[in-house]
Structure formats: C-alpha cells, structure tokens
Amino acid sequence: MTDSVQELFGMLLSVDRGGIEQILKRTMTERGIEEVGETLMKAMTKLGEGWEDGNVSLAQMYMGGVICEELLSSIIPETDRIDNTLPVVGSAVFLDHHGLGMKIVSALVRTHRYPLVDIGIGVNTDKIITEIHNKKIQILLVSVLMYPSALAIKELSKRIATECPDVFIAAGGAPFRLDSELCKKVGVHRSAGNAGEIFGILKDLGKNIVPEGGVL
Ligand code: B12
C-alpha cells in the first residue's frame, strides 16, 4: 500500500476531516484527479474490509463516505468548456447509493469536454431510459458497488438494446474489478475497474458514433 493510501486510511479511521482534505488536495495538485480516484478507492476498500472484519464501525465507514463526497465537490475543478461535437454522455449510479466512484469518473469526462448529463444516484431502469430519450444520450456510464445492483444491469441492457439500440453502455465499480466475466454476464459493451479506464472506453465507443472527421 502506498504512503498516501495508508495516510488517508488512518485519517478516515479517526474521522479527521482536515487531514482527509489535506491529503486529497495534495494528491490532486501533485498527481491529478485520476490518482485521487485510485487513492480513494484503495483507502475506502480497506475501510470496507475493516467493516467486514468488525474492526471498523458503520459510523466510521459512513462518515468517511460523507466527508469524501463533500470534499470531492470542492476539490474537483469546474469545467465550463463543453465541446458539443462530442457524443452526449449520461452518468448514473444504478440502484445503489455509493456515489463516490461516479463523481470521479464524471470529473474525468468533464476534463475531456464531453457534454455530460447527470442522471442521478439510486436511479432505476425507467428513469435511465427516459433520460436517454429526453437528453439524447449516446454513451451511458453506469456505476454500481453492490453485487445485486451489478447483476440487475442485465435487465437495463436488455431494455436499452430494444428501446434505444444505438446507445453504448459502459459499466464500472468494484464488482467489475472482482468478476472479470461480469461484463459479458450483464451484456454491457465495456466495463472498468478504475476511473482512468474511462478515457480508453470513450475513445473506442466514440469512434462508432462521432461522424467522420469528428474530434476524437
Ligand atoms: C463508503 C461506503 C458506503 C457509504 C457510501 C457513501 C457514498 N456517498 O458513496 C455508505 C455508508 C452510505 C454505504 C452504505 C451501504 N453500503 Co457500502 N460501502 C462503502 C465502501 C466502504 C466504500 C465504497 C467507496 O466509496 N469506494 C471508493 C470509490 C472511489 O471506489 P469505487 O466506487 O470502486 O469507484 C472506483 C472504480 O470502481 C471506478 N468506477 C466506479 N464506477 C465506475 C463507472 C464507470 C463507467 C467507470 C469507467 C469506472 C467506475 O472509479 C472509481 C475510482 O477509480 C464499500 C467497501 C468496498 N470494498 O468498496 C462498501 C460496500 C460497497 N457497501 C456495502 C453495503 C452492504 C452497504 C449497505 C447495504 C450497508 C447497510 N447495511 O446499510 C448500504 C447500502 C446503501 C445503498 N443502498 O447503496 C457492501 C456491498 C456488498 C456487496 N457484495 O454487494 C460493501 C462492499 C462493503 C462490504 N464489504 O460489505 N456504503
């Protein structure tokens, strides 16, 4: 484990908001948002393991999530330049309420100037399909952390294949890191275990939908 992961884990355990802020800000300045994602993912995973073993309380885990979520909003830079020639990307935390991963992925998508529609957290299939139609979403990014939510993506994929077949789906989150077959099982076009993979995914998916001479 790297020093910053260990350091962040310690701060999360002691629910030290100031300390967590310092580490996240430092990582952002020195190594960028992708590395913030990696550090946070590793420290939070360790926190979750501690909770499973009975060494971390639900309160510590809960406060860790809440503090990181608040801090991310202030650390991630606003990007106001959008390139409307790029495909419209929709982001959704599907069925579950673990929103940190998608927050980081969304920030990365914005830094590449994609038009991004935030469909929300804890959203279901109907809500996603409605937003795809209303906002003309071409690439759907789905995030899940709980295994049952991950398996439910299969129904979402089926509905999308029937009702909006031109939409590409990429899914990510811890279940996709743990089960390499999950992408096939739930019928999405691409899957990812960490936020940085989003760039390769957008490039590959975009090739099929950006008109020739497009900017990708
Ligand atoms: C923090 C946390 C919470 C917080 C969430 C706060 C928040 N605002 O997000 C709180 C306390 C609210 C919570 C609640 C619950 N949790 Co919880 N939680 C966690 C914990 C500790 C960390 C998750 C996290 O934030 N990780 C950090 C982020 C940055 O990592 P990430 O999401 O993996 O994202 C990275 C990548 O996966 C990737 N990525 C993510 N999505 C996408 C999408 C795309 C397209 C791409 C390209 C990449 C990508 O990018 C990110 C950066 O690299 C995990 C433990 C674990 N091992 O994951 C449990 C965990 C996910 N929770 C769990 C459970 C059971 C629950 C509860 C049911 C507990 C309860 N009894 O109430 C509730 C359910 C809430 C709900 N309905 O969703 C279980 C799930 C078990 C399972 N097998 O399904 C876990 C695994 C803990 C455990 N070991 O049991 N939780």
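Where is the place of Val142? Val142 sits in strand E3. Strands (E, at least two residues) and helices (H or I, at least four) are DSSP runs, numbered from the N terminus. This is a predicted model, in which local features need pLDDT of at least 70, side-chain atom pairs count only at pLDDT 80 or more, and totals for chains, interfaces and linings use all residues. Residues are numbered from 1 along each chain as its sequence is written.

Start with the domains. The chain is divided into domain 1 (3-75) and domain 2 (89-209). These bounds come from an automatic or database domain assignment. Taken over C-alpha atoms, the centres of domain 1 and domain 2 are separated by 24 Å. Where the domains touch, 11 residues of domain 1 are in contact with nine residues of domain 2. Contact here means that two C-beta atoms, placed from the backbone, lie within 7 Å. On the domain 1 side, H3 and helix H4 (58-75) are the elements that give two or more residues. H3 provides the largest share of that side, seven residues. The residues on that side divide into six nonpolar, two polar and three charged. For these classes, Ala, Val, Leu, Ile, Met, Phe, Trp, Tyr, Cys and Pro count as nonpolar, Asp, Glu, Lys and Arg as charged, and the others, Gly among them, as polar.

Now the ligand. It is surrounded by 39 residues, and the closest are Gly48, Gly65, Gly101, Ser143 and Gly172. A residue is near the molecule if its C-beta atom, placed from the backbone, lies within 6 Å of it. At least two residues of this shell come from each of H3, H4, helix H5 (100-111), E3 and E4. H3 gives the largest share, nine residues. By class, the shell divides into 20 nonpolar, 14 polar and five charged residues. Domain 1 (3-75) and domain 2 (89-209) both give residues to the shell, so it lies between them.

Next, the core. Nonpolar side chains tend to be buried together in soluble globular proteins. A nonpolar core is a set of buried Ala, Val, Leu, Ile, Met, Phe, Trp, Tyr and Cys residues joined through C-beta atoms within 7 Å. A residue is buried if 20 or more other C-beta atoms lie within 10 Å of its own, exposed if 12 or fewer, and partly exposed in between, with C-beta atoms placed from the backbone. The largest nonpolar core has 60 residues, of which Leu140, Val142, Ile153, Ile169, Ala170 and Ala171 touch the most other members. Helix H3 (residues 33-53) gives the largest share of this core, seven residues. Both domain 1 (3-75) and domain 2 (89-209) give residues to the core, so it lies between them.

Return to Val142. It counts as buried because it has 27 C-beta neighbours inside 10 Å. Leaving aside residues up to four places away in sequence, Val142 touches Ala92, Phe94, Ile153, Ile169 and Ala171. From Val142 to Gln60 the C-alpha distance is 27 Å, with their places 82 residues apart in sequence.

Ile153 leads to helix H7, where Ser149, Ala150, Ile153, Leu156, Ser157 and Ile160 are buried. These buried residues pack against strand E1 (89-94), helix H6 (125-135), strand E3 (139-143), strand E4 (168-172), helix H8 (174-178) and helix H9 (182-186). What of its length? The expected span of a helix is 1.5 Å times one less than its number of residues. For the 17 residues of H7 (residues 147-163) that gives 24 Å, and the end C-alpha atoms are 25 Å apart, which agrees.

Ala170 leads to Arg190, whose C-alpha atom is separated from that of Ala170 by 4.7 Å, although they are 20 residues apart along the chain. Arg190 is found in strand E5 (residues 190-192). It is buried, with 20 other C-beta atoms within 10 Å. Beyond neighbours within four places in sequence, Arg190 is in contact with Ala170, Cys183, Ile201, Asp204 and Leu205.

Two loop residues deserve a look at the backbone. Leu95 lies in the loop between E1 and H5. Its phi is near 65°, a positive value in a residue other than glycine. Leu95 counts as buried, with 20 C-beta neighbours inside 10 Å. Lys136 is in the loop between H6 and E3. Its phi is near 55°, again positive in a residue other than glycine. Lys136 counts as partly exposed, with 14 C-beta neighbours inside 10 Å.
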